[in-house]
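Work through the exercises below with the model open. Try each task before reading its solution.

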Amino acid sequence: VPGNSEYSMPLTLEAVCEDFPTIPIIAFHMGYPRTEELNICLMKYPNLYVGTSLFSRMGPGMSKNGQRILGQALRAAGPDRIVWGIDSMGRPPGVPATLHKNEVRLLKEFKISEEVQEEYGVPPLTEEIRAKWAGLNLAKLYKIKPPKV
């Protein structure tokens, strides 16, 4: 259940993006519940990135609505400004290592249906875009050279 959204208004990022145009800024939770506002900002500011930490909370994001939200963010930001994330600081002691298997499964299996692509004019989720989303975009931001897989 989303918490208090009073301070999570994507339009407040406009001033930050304008004042610091060379600093990459990641908007978490895809701007939810104000995803359209975030998409407007994504179209205007090349230093603004969309973090998809919302997905693991969307039950688990494979719904038509989840497809629409990701597709519209991809259309607004492009494939180079979308980054994967989950709402977790790691695995607490005593919790099995499989804690994040659902998030990994979501990242591997998520698709944007042809119906959603057509209805909302959003791009398909290609393997190239998935690789960028899964970590290549963050590696670029952090100036990390990922190993070849």
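Three exercises follow, on a sheet and on two residues.

This is a predicted model, where local features need pLDDT of at least 70, side-chain atom pairs count only at pLDDT 80 or more, and totals for chains, interfaces and linings use all residues. Residues are numbered from 1 along each chain as its sequence is written, and side-chain values use heavy atoms, without hydrogens and water.

**Exercise 1.** Work out the strand order of the open sheet.

Solution. Take strands as DSSP runs of E, at least two residues, and helices as runs of H or I, at least four, numbered from the N terminus. Strands pair if DSSP finds at least two bridges between them. β1 and β2 (residues 48–51) pair in the parallel sense over three bridges. The order of the three strands is β1-β2-β3, with parallel pairing. β1 (25–27) and β3 (82–83) each have a single partner strand, so one side of each lacks a neighbour in the sheet.

**Exercise 2.** Place I82 and list its contacts.

Solution. I82 lies in strand β3. Its relative accessible area is 1%, so I82 is buried (under 20%, 1.4 Å probe, protein chains only). Contact means heavy atoms within 4.5 Å. Beyond four places in sequence, I82 touches V50, T52, L70, L74, K132, W133 and N137.

**Exercise 3.** Is N47 buried or exposed?

Solution. Locate N47 in the loop between α2 and β2. N47 has a relative accessible area of 6%, so N47 is buried. The N47 side chain reaches the backbone oxygen of F20 at 3.0 Å. Contacts of N47 beyond four places in sequence include C17, P21 and I23.

Conventions
Buried < 20%, exposed > 50% of the residue type's maximum accessible area, 1.4 Å probe, protein only. Polar contact = N/O pair within 3.5 Å; in protein donor to acceptor, adjacent residues only side chain to side chain.
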